[in-house]
Amino acid sequence: MKLIGSLASPFTRKARIVLAEKKIDYELELDSPWDPGTKVPERNPLGKVPVLVLDDGTTLFDSRVIVEFLDNASPLSRLLPPGNRERIEVRRWEALADGVVDAAVLVRMERRRQPGQQSPEWIERQMGKVRAGLAAMEAELGDKPWCTGSAYTIADVAVGVCLAWLEFRFPDLGWREAHPRLARMLAKLSERPSFAETAPRD
Ligand SMILES: N[C@@H](CCC(=O)N[C@@H](CS)C(=O)NCC(=O)O)C(=O)O
């Protein structure tokens with residue numbers, strides 16, 4: 001199978017980490033949807049990465065669909081628990097972490113516009129979501145080793161990707177001081193080969 005995405009994309013990284021954790025062979029095709037010559041819209045009508053292309057040509061998106069497919073494709077290192085309540089708790093964490101990234105991406109895009117065209121209100125609205133999401137993750141993590149307890153799941157992958165990407169794109173945010181538990185968790189995650197090998201870069 002082939003994964004299409006960019007090395008800077010947090011959602012592509014989520015899929016790459018899952019592929020590494022589950023030891024699934026794949027080809028990585030680099031394509032940024034922001035490049036003028038991008039072929040991403042031919043694979044995903046939404047023009048977003050990641051896209052997973054299966055051997056029969058089927059295209060899968062978005063990252064949550066890809067993660068679920070991959071988790072079921074191999075029994076190794078299950079990242080989604082089978083029980084309904086447990087699985088939904090994990091997916092809720094993933095939605096929270098992905099939502100923080102979505103809001104931060106909107107801030108980044110707004111800041112790329114001409115200064116006179118930027119909306120400070122819009123930026124502040126999205127930054128409010130980033131701050132509220134981080135606060136919720138810090139509180140809900142508590143003293144647990146992983147997001148939902150003792151098992152490492154896609155929740156931890158999504159939170160780690162979110163935190164590392166904020167550090168990559170918003171180095172002045174300074175989230176670590178107010179979120180020491182999240183900071184400890186990112187340090188622990190960064191030691192995993194799946195994270196170390198996929199650190200975001202341009
Ligand atoms: N919900 C999607 C979000 C994917 C997404 O926003 N990808 C970004 C790169 S990180 C993208 O391709 N943006 C291009 C665009 O919005 O046109 C997922 O989980 O895969």
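Colleague: How far apart are the mean positions of the positive and negative charges of the protein chain?

Modeller: Happy to start there. This is a predicted model, in which local features need pLDDT of at least 70, side-chain atom pairs count only at pLDDT 80 or more, and totals for chains, interfaces and linings use all residues. Residues are numbered from 1 along each chain as its sequence is written, and side-chain values use heavy atoms, without hydrogens and water. Lys and Arg count as positive and Asp and Glu as negative, with His and the chain ends not counted; each charge is placed at NZ of Lys, CZ of Arg, CG of Asp or CD of Glu. For the 30 positive and 30 negative charges, the mean positions are apart by 2 Å.

Colleague: Which side chain of opposite charge is nearest to R13?

Modeller: R13 lies in helix α1, residues 10-21 (a helix is a DSSP run of H or I, at least four residues, numbered from the N terminus). R13 is buried, that is, under 20% relative accessible area with a 1.4 Å probe, protein chains only. R13 has no salt bridge (a side-chain nitrogen of Lys or Arg within 4 Å of a carboxyl oxygen of Asp or Glu). At 8.9 Å, the nearest side chain of opposite charge is E167.

Colleague: What share of the residues in the protein chain is buried?

Modeller: R13 is one buried residue, and its contacts (heavy atoms within 4.5 Å) beyond four places in sequence include V161, F195 and P200. Of the 202 residues in the protein chain, the buried share is 46%.

Technical notes: Buried means under 20% relative accessible area, exposed over 50%, partly exposed in between (1.4 Å probe, protein chains only). Helices (H or I, at least four residues) and strands (E, at least two) are DSSP runs, numbered from the N terminus.
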